[in-house]
Amino acid sequence: MPYKQKSARAAGGAVFAVALMALSGCATLDPEALKPAEVMQTVQADKAKLAEGVEPLSGPLTLEEAIARAIKYNADGRLKAMEEAVAYGTFDAGRYDMLPRLVAAAGYRYRNNDLISRSEDSVTGLPSLANPYISSSREATTTDLGFSWSLLDFGQSYFAAKQNADRVLVASERRRKAVHTLVQDVRTAYWRVVAAQTLGDSLRGTIREAETVLADAGQAEKEQLRSPLEPLRYQRQLLENLRLLEVIEHELSTARIELSSLASLPLVQNLRVIEPAAAISTAWLEVPVDQMEEQALSSNPDLRESMYNTRIAQQETRRTLLRLFPGLSFNYALRHSNDRFLINQTWNDASAQISFNLLGLLAMPAQFRLAEAGVALADQKRMTTQMAVLTQLHIARQQYANAARQFERADAIANVDGRILTHVSHQEQAEKQTRLERVAQRTSSILSSLRRYQALSNAQGAASRLQATLGLELTVAGNDRMSLAELTTAVAQSLKTWESGRLPPLPVEKSLPSGG
């Protein structure tokens, strides 16, 4: 058997085998549920990945370190950072779409018989007297190196690259907003942990004492040593105090877990914190409101994101207009074939082409109206966001002022209740007060202390909301590359700058870094 026929049969057999495998695969494809071992393997791998590079906590946790750990290790923060990196990668890769296409190709063709052609006389229409001729080899290998460039594709890619550049900036603003939210959550959770740590021992001791006194009151009722109503009123007040104490305990019980999650610390770790100085700065209330409005309108991440979205919509309008122009393309290729019937087996091709989709004109008005509607929608969103930001600024400023006053009042009440508790304890020792009165006063003192910490936490949260509305995120440049100690120091300095109550100079628009 000739070699070419063997090759043909072998090639045909291979094609048949591949087709048979594809058909059998389609016929046997069924849903495949995850196996428990696969689930556990993925969970363990994700857990190890989240804990990778996280420095263990070696001592008590400060507020600055808690914020630094959240910025550096928090999973949500890492997600926003990765989204920003993906957006920049899309922009960087999209810039290469503006380059011309340079395509290298190679191919092989085969047929099982010769390509034989007949011809006819162009005058008489009769078959030519010449014998049929072969014009092509049965098999041949071709190689091409082609260069093509389209003016319309270049324009589309150019405006798409500008849109991707704005999407990078949108991702950056979203990351800023995520940092604002993260810092606010950390500050609120941290003060709840401070309250739980400070009041925990006293809270549990008071609950135990109240339960003991309650048992004594129940025994007194059974012995009927006094009027039946007196022990019942006694027990009623004790139960109310116990209810308040247990509500406080339940409220503070989850604080450590929340803070550990935000700071990417083990949830089972016995977390200890250092209580910062409980001072609320009112310097921001002395800043003129018009200056704060100017700062918010120039730096608020939500408003800046809406402005970038407006630019993206405007670029989409330009891309739509570009479709009205004809397509102009240039092509050049270097080709080679080992077909033995070719006299010139290597040759160059060059061409220029202009094209225009006439039927596309029918859709252009609708596309243009859609693009204009997108711009109008983006403009309306921007104006709505601007009004929302100004409203949010005034509300945040008022909430900050209210929270500062509430903390001052709660602090004064807690101090008074503490002094009352001292006197009641002394009078109980002198047998001038009952244990019930001391338990009730200890409950009031604990409740006042809790309200003081709650007011302090609310004031810290109000300060963070005002800071976020002004767009004054923690200025920590290069935090991805900084060590935890360096980042903690930078956060402490940034918090100190915020407490000073001074507005920074208005930001200057940053340009995208050039690709390597």
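**Exercise 1. Is Ser260 buried or exposed at its relative accessibility?**

Solution. The structure is a predicted model, and the assignment rests on its computed surface. Step 1: locate the residue. Ser260 lies in helix H7, which spans residues 255-262. Step 2: apply the cut-off. Buried means under 20% relative accessible area. Ser260 has a relative accessibility of 1% and therefore counts as buried. Step 3: list the neighbours. Leaving aside residues up to four places away in sequence, Ser260 touches Leu265, Pro266, Leu267 and Leu271.

**Exercise 2. Determine what is notable about the backbone of Ser264.**

Solution. Step 1: place the residue. Ser264 belongs to the loop between H7 and H8. Step 2: recall the general expectation. Most residues other than glycine have a negative phi. Step 3: compare. Ser264 is not a glycine, yet its phi is positive, at about 55°.

**Exercise 3. Describe how helices H8 and H9 meet, and classify their crossing.**

Solution. Step 1: choose the descriptors. Two packed helices are described by the angle between their axes and the distance between the axes. Step 2: read the values. Helix H8 covers residues 289-299 and helix H9 residues 301-322; their axes come within 6 Å and cross at roughly 45°. Step 3: classify. Angles under 35 degrees count as roughly parallel, and 65 to 115 as roughly perpendicular. H8 and H9 are therefore oblique to each other. Step 4: identify the contact residues. H8 contributes Leu297, Ser298 and Ser299, while H9 contributes Pro301, Leu303, Arg304 and Met307. Step 5: sort the residues by character. The contact of H8 with H9 comprises 4 nonpolar, 2 polar and 1 charged residues.

**Exercise 4. Reconstruct the strand order of the open sheet and trace its pairings.**

Solution. Step 1: establish the order. The open sheet has 4 strands in the order E1-E4-E5-E6, and the pairing is antiparallel. Step 2: find the edges. Strand E1 (101-110) and strand E6 (346-355) each pair on one side only and are the edge strands. Step 3: note the twist. Ignoring direction, neighbouring strands of this sheet are turned by 20° against each other on average. Step 4: recall the principle of pairing. Strands of a sheet pair through backbone hydrogen bonds, either parallel or antiparallel. Step 5: follow E4 to E5. Strand E4 (residues 139-150) and strand E5 (residues 327-337) run antiparallel and are joined by 9 bridges. Thr142 has Ser337 of E5 as its bridge partner, and Ser150 stands opposite Ser329 in E5. Step 6: follow E5 to E6. These two strands also run antiparallel, with 10 bridges between them. Here Arg335 stands opposite Trp347 in E6.

**Exercise 5. Classify the ring pairs Trp149-Phe154 and Tyr158-Phe159.**

Solution. Step 1: count the pairs. The structure holds 3 aromatic pairs. Step 2: examine Trp149 and Phe154. Their ring centres are 6.0 Å apart and their planes stand at 45°, so the pair is tilted. Trp149 is partly exposed at a relative accessible area of 25%, and Phe154 is partly exposed at 33% relative accessibility. Step 3: examine Tyr158 and Phe159. Their ring centres lie 5.3 Å apart; the planes are at 70°, over the 60 degrees required, so the pair is edge-to-face. Tyr158 counts as partly exposed at 37% relative accessibility, whereas Phe159 is buried with a relative accessible area of 15%. Step 4: look for a cluster. Ring pairs link Trp149, Phe154 and Phe330.

**Exercise 6. Show how Thr488 connects to a part of the chain remote in sequence.**

Solution. Step 1: place the residue. Thr488 is part of helix H12 (residues 484-499). With a relative accessible area of 16%, Thr488 is buried. Step 2: find its partners. Thr488 touches Glu64, Glu65 and Ala68, residues up to four places away in sequence not being counted. Step 3: consider the separation. Thr488 and Arg69 are 419 residues apart along the chain, but their C-alpha atoms are separated by 8.0 Å. Step 4: examine helix H3 (residues 63-73). H3 is mostly covered, with 9 of its 11 residues buried; among them are Glu65, Ala68 and Arg69. Step 5: set this against the whole chain. Of the contacts with a separation of 6 or more, 82% join residues 24 or more positions apart.

Methods
Residues numbered from 1 in each chain as written. Predicted model: local features only at pLDDT ≥ 70, side-chain atom pairs only at ≥ 80, totals over all residues. Heavy atoms only, no water. Axes fitted to C-alpha atoms, helices over the stretch in contact; angles between N-to-C directions. Parallel < 35°, antiparallel > 145°, perpendicular 65-115°, else oblique. Contact = heavy atoms within 4.5 Å. Nonpolar A, V, L, I, M, F, W, Y, C, P; charged D, E, K, R; others polar. Pairing = 2+ DSSP bridges. Buried < 20%, exposed > 50% of the residue type's maximum accessible area, 1.4 Å probe, protein only. Phe/Tyr/Trp six-rings, centres within 6.5 Å; stacked < 30°, edge-to-face > 60°.
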